[in-house]
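Trainee: Got a minute to go through this one with me? I'd like to pick it apart by asking you things as we go.

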Amino acid sequence: MMGHKPKETLGEILQFVHLIADDESIRFDHKVAASEMAHKDRNASLAHFMKSFGRLRHDVDNVLGTYFHQCSIAMNCQQLASAGLYLVSNGVDKHSGVRVINEKRARRINSLMMMCGHYDGSGEFAYRVGLPGKSGVGGGILTIAPGKGSIAVWSPGLDHVGNSKLGLKALERFVQKKLAGRFLQNKIYMSICLNRFFI
């Protein structure tokens, strides 16, 4: 939180998302954030554990409130795929051409997404899809093909570890098909919205 109050931090987060998605209509979903806060016990336990070892310098409730709001940014598939483009191009915003983060940090984020972006299902996602990805509590998945493009899928049915069931299946099929070859040759983004009848 870098010494800022939670409200200021949330404002900076939203401003950053507006920049990378090239869309100022994106907002927080306060109902989702409130729901996350109402079920905060595990996250609060982990945060207090980290604080007891000196790894968390700020007030636990402020950190959790900021985290839950960050996890509650409401975006459609196109907005999400567009927001991921800076991770495709080593930290350069594709909309403005401005470097948003340095190349080393972009590689680190993609690595983290590959290793732990899907909770306990991260290994399965890496095996089946083979690309860095991050799932969200609402059923969305952002997937990055470094140097090639970004893909966002959404389907609300979650599996036992909290990831979109159909989103995973769609991404697995996508990378296996010839369509993926055409996608990976063209530096574009793609969004896919799924419903329960898709697959």
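Mentor: Sure, one definition before we start: a helix axis here is a line fitted to C-alpha atoms over the stretch in contact, and an angle runs from 0 to 180 degrees between N-to-C directions. Keep in mind that this is a predicted model.

Trainee: Okay, then how do α1 and α4 lie relative to each other, roughly parallel or roughly antiparallel?

Mentor: Helix α1 covers residues 6-21, and its axis sits 10 Å from that of α4. The packing angle is about 25 degrees, and angles under 35 degrees count as roughly parallel. So α1 and α4 come out as roughly parallel.

Trainee: Which hand does the crossing of α1 and α4 have, and how do the contact residues divide into nonpolar, polar and charged?

Mentor: The crossing of these two helices is right-handed. From α1 the contact uses P6, T9, L10 and I13, and from α4 it uses N62, T66, H69 and Q70. Sorted by type, the residues of this contact are three nonpolar, five polar and no charged.

Trainee: Now α3 against α4: what does the angle make of that pair?

Mentor: Helix α3 is residues 41-52 and helix α4 is residues 60-70, with the axes 10 Å apart. Their angle is about 130 degrees. Roughly antiparallel would need over 145, and roughly perpendicular runs from 65 to 115, so the rest counts as oblique. That makes α3, relative to α4, oblique.

Trainee: And how do the residues of the contact of α3 with α4 divide?

Mentor: α3 passes α4 in a right-handed crossing. On the α3 side you find N43, A44, A47, H48 and K51, while α4 brings V60, L64, Y67 and F68. That set divides into six nonpolar, two polar and one charged.

Trainee: Switching to backbone angles, which residue in the loop between α1 and β1 has a positive phi although it is not a glycine?

Mentor: Most residues other than glycine have a negative phi. In the loop that leads from α1 to β1 (27-28), one residue has a phi of about 55 degrees. With a relative accessible area of 55%, that residue is exposed, the cut-off being over 50%. The residue is D22.

Trainee: N90 has a positive phi too, so is N90 buried, partly exposed or exposed?

Mentor: N90 is in the loop between α6 and α7, and its phi is about 55 degrees although it is not a glycine. Its relative accessibility is 34%, and buried would need under 20% while exposed would need over 50%. That leaves N90 partly exposed.

Trainee: What does R99 touch, leaving out residues up to four places away in sequence?

Mentor: R99 is placed in the loop between α6 (85-88) and α7 (103-116). At 43% relative accessibility it counts as partly exposed. Y86 is 13 residues away in sequence and 8.3 Å away in space, C-alpha to C-alpha. The residues R99 touches are N90, G91 and V92.

Trainee: Zooming out, what share of the contacts with a separation of 6 or more comes from residues 24 or more positions apart?

Mentor: The protein has ten helices and six strands, and buried residues make up 38% of its 199 residues. It exposes about 12000 Å², with carbon and sulfur atoms supplying 54% of that. As for contacts with a separation of 6 or more, the share from residues 24 or more positions apart is 55%.

Methods:
Residues numbered from 1 in each chain as written. Predicted model: local features only at pLDDT ≥ 70, side-chain atom pairs only at ≥ 80, totals over all residues. Heavy atoms only, no water. Helix = DSSP H or I, 4+ residues; strand = E, 2+ residues; numbered from the N terminus. Left-handed = near helix turned anticlockwise from the far one by under 90°. Contact = heavy atoms within 4.5 Å. Nonpolar A, V, L, I, M, F, W, Y, C, P; charged D, E, K, R; others polar. Buried < 20%, exposed > 50% of the residue type's maximum accessible area, 1.4 Å probe, protein only. Areas by Shrake-Rupley, 256 points an atom, 1.4 Å probe, with all protein chains shown as cover.
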